[in-house]
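Subject: Structure handover

Hello,

Here is the structure we talked about. Please open it alongside this note; what I found follows below.

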Amino acid sequence: MKKLPKLGCACEKHDLIESEYRTSIIGKDLTEDRNAEVSIIQCRLCQRIWLKYTVESANSSNLNRWFKGIIAKKEVAEMKPENAVEYLENLPWYICGGEFFGNKEEFGEGKLNLKLEG
């Protein structure tokens, strides 16, 4: 699996400070009742652009998770919320985290773990 270039940049983590990035919400992915928020984040420090997919469970915060992967600038305008999962699953790698992953960032590839049952 390809590793993220180790820039030591804040955008490699989830807990960014608002001044370190700019974000735009693309919308909600309501596919299979996921109600996931899809957004684009651009790091102000290294300028990388990320597609972020955040899933929150109404039943248990232990199931909350997020996924983010690099997206090319030319693909941002055409991204639709319902296409975000497929886009991330087709990347060579992505980063995932949240309570579901023990609040640690992990590298992933292939299928996103979107199961919302405990």
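A definition first: two strands count as paired if DSSP finds at least two bridges between them. Note also that this is a predicted model.

**The sheet**

An open sheet of 6 strands runs in the order S1-S2-S3-S4-S5-S6, and its pairing is antiparallel. S1 and S6 (106-108) are the edge strands, each paired on one side only. Between neighbouring strands of this sheet the average turn is 25°, direction ignored.

**S1, S2 and S3**

Start with S1 (residues 21-29) and S2. They run antiparallel and are joined by 8 bridges. Together they make a hairpin, with 6 residues between the two strands. Look at Glu32 in that turn: its phi is positive, about 50°. Across the pairing, Gly27 sits opposite Val38 in S2.

S2 also pairs with S3, again in the antiparallel sense, over 6 bridges. This is a hairpin too, with 5 residues between S2 and S3. Gln47 in the turn has a positive phi of about 75°. Two facing positions are worth marking. Val38 stands opposite Tyr53 in S3, and Ile40 stands opposite Leu51 in S3. Val38 thus has Gly27 opposite it in one pairing and Tyr53 in the other.

How much of S2 is buried? The count is 7 of its 8 residues, so the rest of the structure largely encloses S2.

**The second largest pocket**

This pocket holds about 200 Å³ of space. Its lining has 13 residues. Nearest the centre are Arg34, Asn35, Val55, Glu56 and Ser57. Which elements give two or more residues to the lining? They are strand S2 (36-43) and strand S3 (49-55). By class, the lining splits into 4 nonpolar, 4 polar and 5 charged residues.

**Aromatic pairs**

The count of aromatic pairs is 5. One of them is Phe67 with Tyr94. The pair is edge-to-face, with 5.9 Å centre to centre and 75° between the planes. Phe67 lies in S4 (residues 65-70) and Tyr94 in S5 (residues 94-97), so the pair ties together parts that are 27 residues apart in sequence. Both Phe67 and Tyr94 are buried.

Trp93 and Phe107 form another edge-to-face pair, at 6.1 Å centre to centre and with 75° between the planes. This pair links distant parts of the chain, 14 residues apart. Trp93 is in the loop between helix H2 (84-89) and S5, while Phe107 is in strand S6.

Are these two residues buried or partly exposed? The cut-off for buried is under 20% relative accessible area. Trp93 has 9% relative accessibility, so it counts as buried. Phe107 has a relative accessible area of 26% and is therefore partly exposed.

There is also an aromatic cluster. Phe67, Tyr94, Phe100 and Phe101 belong to it.

**Where to look**

For a quick tour, begin at S2, which pairs with S1 and with S3. Then go to the pocket, where S2 and S3 both contribute to the lining. Finish at the cluster that includes Phe67 and Tyr94.

Best wishes

Definitions and conventions. Residues numbered from 1 in each chain as written. Predicted model: local features only at pLDDT ≥ 70, side-chain atom pairs only at ≥ 80, totals over all residues. Heavy atoms only, no water. 1 Å grid on protein atoms, 1.4 Å probe; cavity = no way out; pocket = protein on both sides within 12 Å on 5 of 7 lines; lining within 4 Å. Points joined across faces, edges and corners; volume = space filled by probe spheres on them. Helix = DSSP H or I, 4+ residues; strand = E, 2+ residues; numbered from the N terminus. Nonpolar A, V, L, I, M, F, W, Y, C, P; charged D, E, K, R; others polar. Buried < 20%, exposed > 50% of the residue type's maximum accessible area, 1.4 Å probe, protein only. Axes fitted to C-alpha atoms, helices over the stretch in contact; angles between N-to-C directions. Phe/Tyr/Trp six-rings, centres within 6.5 Å; stacked < 30°, edge-to-face > 60°.
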